[in-house]
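Please open the structure in a viewer and keep the selection panel at hand. The tour proceeds residue by residue.

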Amino acid sequence: MRKLILGLIAGSSALVSAQSQAQTRPGFEIGAEAFGYSYRERFEGDVVARDDGKFGGATFGYVETIGGGMFLRAKLSVDFGSVDYRSEDGRIDNVNQSIGQLELHVGKDFALGNGGTLTPFIGLASRVLEDHSGNKETELGFAGYDREVSYAYVPVGAAATFPLGGRSELILSAQYNWVVGGEAKSKFSDLDPDLPDLKLDLENGSGFEASAIARFKLGGNAIGFGPFVRRWSIDQSKELVLKDPDGSGDTITLFEPKNRTTEVGVRLTFAF
């Protein structure tokens, strides 16, 4: 897939017009988004823990055109929400969480014969989730602890822009996110000051994002609105073996279970 995308960026396609190329809009973009959030942990095929909640936040972007239809793009989103946690250890409601996501893209615009634009891109990116379960307790008496989960990934995708008539257009975008590394930090000292805080390495996973945005041009500015979906599938982490803190000589094997996250929402943007 990476070779295909890079080929599209570097060369031409049979679907691409040889006429002057359309442009990804240069400049700044700010926005707001809101989405439903679903997280599932699985072990041996069974769901062992889940989070469900709602998030909202802000998005920021900047595009710099560099000639020849090519551009550099930075995208940042910061979202806050709360989730209800469920597992065999009980439930904890209204757990505060935050998600930050930064992507850096390089891409190229190709003008299509119908007046639209095809825009493949590739980049580097990172995502960080913070979970603030510390100082909370389930109804069964099990205590929570703070966690931080981060991924580094390579986004590879394309957007297609189609004129709708007048000063409006439809932008369809999809990207595959190849997770190249990450880590899950667990603050076990929230449970007991004598316990160590842990860091588990995440090695494999993937994600995707798709969106459909209707954009309306207002003078030199533009307003966009539409739905999006994001999904992450992360494999089980590396295992970490520790000695039993009770001094029995036994060992404890710890790992981050296989998990999947789904986010479905809407986004409003203003470009200037």
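**A tour of three strands**

Begin by selecting Asp 51, which is found in strand β2, the run of residues 46-67. The model is predicted. Asp 51 is buried yet has no salt bridge. To see its nearest side chain of opposite charge, add Arg 147, which is 5.9 Å away; a salt bridge would require a side-chain nitrogen within 4 Å of a carboxyl oxygen.

Next, display the surroundings of Asp 51. Beyond its neighbours within four places in sequence, Asp 51 is in contact with Tyr 37, Ser 38, Tyr 39 and Arg 40, with Val 83, Asp 84 and Tyr 85, and with Gln 97 and Asp 131.

Now move to Arg 230 in strand β11, residues 221-234. Is Arg 230 buried or exposed? Its relative accessible area is 4%, so Arg 230 is buried. Select Gly 207 as well: its C-alpha atom and that of Arg 230 are separated by 7.3 Å, although the two residues are 23 apart along the chain. With neighbours within four places in sequence set aside, the contacts of Arg 230 include the acidic residues Glu 33, Asp 79, Glu 209 and Glu 263. Among its other contacts are Phe 35, Gln 101, Phe 208, Thr 261, Thr 262 and Arg 267.

Finally, turn to the surface and select Arg 42, located in strand β1, residues 27-43. Arg 42 counts as partly exposed because its relative accessibility is 41%. Add Arg 50, Lys 258 and Arg 260 to the selection; together with Arg 42, these residues form a positive surface patch.

Methods. Residues numbered from 1 in each chain as written. Predicted model: local features only at pLDDT ≥ 70, side-chain atom pairs only at ≥ 80, totals over all residues. Heavy atoms only, no water. Patch = residues over 30% accessible without salt bridge, like charges linked within 9 Å, V, L, I, M, F, W, Y side chains within 5 Å. Areas by Shrake-Rupley, 256 points an atom, 1.4 Å probe, with all protein chains shown as cover. Charge placed at Lys NZ, Arg CZ, Asp CG, Glu CD. Helix = DSSP H or I, 4+ residues; strand = E, 2+ residues; numbered from the N terminus. Buried < 20%, exposed > 50% of the residue type's maximum accessible area, 1.4 Å probe, protein only. Contact = heavy atoms within 4.5 Å.
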